[in-house]
Amino acid sequence: MSNDLRKFKDKFIEKIIFFCGILSIIFVILIFSFLFKEGIAFFKDFSPIKFIVGQFWYPASKPPQFGILSLIIGSIFVTAGACIIAVPIGIASALFISEVAPKGIRDILKSIVELMAAIPSVVIGFIGMVSLVPLVRSIFGIPTGLTAFSGSIVLAFMAMPTIVTISEDAIRSVPWQYKEGALALGATKWQTIRRIVLKAAMPGIIAAIMLGIGRVIGETMAVMMVTGNAAQIPHTIFEPVRTMTATIAAEMGETVKGGLHYRALFAIGLVLFSITFLVNFIADLFLGRGKKK
Amino acid sequence: MVKQPSKIQVEKLSCYYNDKCVLQTLSLDICKNEILSIIGPSNSGKTTFLRTLNRMNDFDHNYSRKGMVFLDEENIFHMNMEKLRMRVGMLFAMPIPLPMTIYENIIYAPKRLGIAPKGKSGKDAIVERALKDASLWDEVKDRLNSSAMKMSGGQQQRLCIARILAVNPEVILFDEPCSGLDPISTAKVEETMRALKKKYTIILVTNNVKQASRVSDVTAFFLMSRLVEINKTAELFVSPKEKETEDYITGRFG
Amino acid sequence: MMKLSPKLSQKFSFFILFCATMLAIIPVIIIVSIIIKNGASAVSWEFLSSMPKDGMRAGGILPAIIGTLSIVACAIVVTIPIGVCAAIYLNEYAKDNLLTRIIKLAIVNLAGIPSVVYGLFGLGVFVMFLELGVSIISGALTLSIMELPVIVTTARGALNSVPQSFREASLALGVSRWQTIRYVVLPNALPGILTGSILSIARISGETAPILFTAAAFYVPHLPNTVFDQVMALPYHLYIISTQIPNMPKNIIYGTALVLLMLVLSMSLIAIIARLYFRKKRKW
């Protein structure tokens, strides 16, 4: 091959590589603009204020009602519940894996956490439906086990790998000099972990929690299978709820493409996109801060 | 001694990292087929100078420079970077064999540069010549297909020299090539360097003053980003003109 | 209240951490064992290789398996080259400037978008706008965009673990940047890229929401002929038979869940083991 041809080929490939590099920006813009386009079309026909604060989601009634307040509250209920369960367990597991477990066991535990992340959400939803839901019903003596509480447990399990892996990274990247300094002063290993390691790893742990929340808000299948999908504002966590994601998944199949209901679901997608964008942006800020130190 | 023509001319070269000057208006001439060694304490700008000569710092966004360097009267900063590096090879402080066999390490660059002959015998000849010139052939000729990572440090460093020779450079830059080696390996590398002088122009950066006095024809002393003194090695070590040079070579600091 | 001695309090705290870890991990074991216990009896060669019968209450799940495999195969053909190139750009070429920061932010953001929103996007762009219809190709393109940030991140890690000195050694010989990447960096990053890719293949095999409106069909009586066909898919099939069809025999549901779970877990396990192996064997 002549040298000029070689150089031309090099330049050509480098152009392709650059294009692939900026492709992710293009995708984000595309996704946003598509959601935005359909969402705006929806808001021309339906007031955005009524959309956000409206209590009733009756897409089939005449005139249809597209209030997503109950869906937002449903999402918040299951997300908050999942966090209350997953955050302490997740951080404790991350501490155990990175600071306490011997090396051989650590690798096994990390592999199991990684496998946990791979279990499909429909499988988790199915198991939740056949074993967790009846259990919740009989333990709490409620008419149905398809509740926000069941959803929280299932989602806590699904957020666990994210929280554990990223917190573990943050904990492990605490410089060993910090620990040695404390240990040399006679502190026990636990005191060192609690006072030094946890503090130093905090930005990373917060990022892990944020990313876990992002994962939980966006989860669809499992949550749809165990929460009962009733579009009503719940009073306790032992009532059925419906999340934003489940609404999109359950109703898209029945809509007329291009109709008002179809666009309403895109508008929900836009809300979800904005929430997760914000959550991930905050997480990224914390991750960046953890790295700079 | 007949004065050799100049191979490299440096004119008012200044280098900066993040606007901090690490090399100040340097001008010097390097003659063909001579060994120039550059001595000086760390952070005196030696390595930056060396890396500027084959533009290894060009991808570093914190680095900037002023001034000119000529190779055979051609400004290197206007040359095609790859062509320049073919003509000006560089050996690093730590031996860096690529994770392949000894044979592949040497034929790698000729192949990628499109200067390797087509047939196997032609390639074999390049490998044999390069390894012989780097005085490594006798030690490895029976295991050319074993991994280069399994060689000793000194062998690895000579392999890296052979790898440079395989692309037929004109100038070779040595960046503290023996800093990680034991005395016996060091002696072998130095011997190789002296043998290479016949065909190549060599610039050696070293922290080891004795090494400079052993192998080089001309020695330059850098201190605090500045060239303090440059002279024939014999004269510089016997009667340095500057006080700082004398202090450094007698071991009073550095 | 009595104050515990530091030693005792350490023991107690470590025990709590241990319990938390078990609490996180035991559900995995429970889920896997419930599915194996109830599903193993349903899985046979017959089950894997025949079409569903009697409104899916009998017969096998062949079309769902084929459907999932074809969607995933198409998705990785698109996403791996793009993802690896993007990783090469970020790790090898990108300067520390605004554009790079925006790209990184875009990748973080892509990684965070809910899977059902990807489904909406795929429906809007591929199914409706590009008129590809509900088909393998629409589903695959949707999944490939969703998986892009994961591939980019793992490939970047793999490229980053190749020592900088290898690049310098090659560049110093006059070899061009791209040739250095192609012949020195990529071969050494390949194991990492490969294991990362297998992990993400496993992950997208189990995704339901993105293919819900873009590729998956309730029931298709024949196998797909082209990439423009609608297909059944394992995860969606599991969703349907476990929620939408009354009087579904339990062992068929568990059997389907088992097949899906094994497909995903075995791929992940292979990737995890391969990664440990390559790390040990690493030459530098």
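Of the 254 residues of chain B, 45% count as buried in this predicted model. The chain combines 10 helices with 10 strands, and its radius of gyration is 18 Å, close to the 18 Å that the globule rule gives for 254 residues, so chain B is as compact as a globular protein of that length. Measured out along the principal axes in the model, the C-alpha trace of chain B spans about 55 × 40 × 40 Å. Contacts within chain B often link remote parts of the sequence: among those with a separation of 6 or more, 69% join residues 24 or more positions apart.

Chain C is built from 11 helices and 2 strands. Read from the N terminus, its elements begin with two helices, continue with the two strands and then run through helices to the end, in the order α-α-β-β-α-α-α-α-α-α-α-α-α. The C-alpha atoms of chain C fill a box of roughly 70 × 70 × 35 Å along the principal axes. Buried residues make up 54% of the 284 residues in this chain. For contacts in chain C with a separation of 6 or more, 75% are between residues 24 or more positions apart.

Turning to chain A, the domain assignment gives domain 1, residues 3-45, and domain 2, residues 57-292. The centres of these domains of chain A, taken over C-alpha atoms, are separated by 30 Å. Where the two domains meet, 9 residues of domain 1 are in contact with 8 residues of domain 2. The side of domain 1 that touches domain 2 has 6 nonpolar, 1 polar and 2 charged residues.

Chain A also meets chain C, with 70 residues of chain A in contact with 71 residues of chain C. On the chain A side of this interface, helix 1 (residues 3-45) gives the most, with 18 residues. By class, the side of chain A that touches chain C divides into 47 nonpolar, 16 polar and 7 charged residues.

Chain C has a further interface, with chain B, where 18 residues from chain C and 20 residues from chain B take part in the contact. Helix 7 (164-172) and helix 8 (177-205) of chain C each supply at least two residues of the side that touches chain B. Helix 7 of chain C gives the most to that side, with 6 residues. The residues on the chain C side divide into 9 nonpolar, 5 polar and 4 charged.

What, then, of the nonpolar core? The largest nonpolar core holds 273 residues, and those touching the most other members are V154(A), A162(B), L173(B), I203(B), I71(C), A233(C) and A257(C). Helix 3 (residues 62-93) of chain C contributes the largest share of this core, 16 residues. Domain 1 (3-45) and domain 2 (57-292) of chain A both give residues to the core, so the core lies between them. In soluble globular proteins, nonpolar side chains tend to be buried together.

A closer look at A162(B) gives a local view of the core, since this residue is among those touching the most other members. Leaving aside neighbours within four places in sequence, A162(B) is in contact with I106(B), A130(B), L131(B), D133(B), A134(B) and L136(B).

Methods: Residues numbered from 1 in each chain as written. Chains lettered and ligands numbered in written order. Predicted model: local features only at pLDDT ≥ 70, side-chain atom pairs only at ≥ 80, totals over all residues. Helix = DSSP H or I, 4+ residues; strand = E, 2+ residues; numbered from the N terminus. Buried ≥ 20, exposed ≤ 12 C-beta atoms within 10 Å, placed from the backbone. Contact = placed C-beta atoms within 7 Å. Nonpolar A, V, L, I, M, F, W, Y, C, P; charged D, E, K, R; others polar. Domains from an automatic or database assignment. Core = buried A, V, L, I, M, F, W, Y, C linked by C-beta atoms within 7 Å. Rg over C-alpha atoms; globule rule 2.2 N^0.38 Å.
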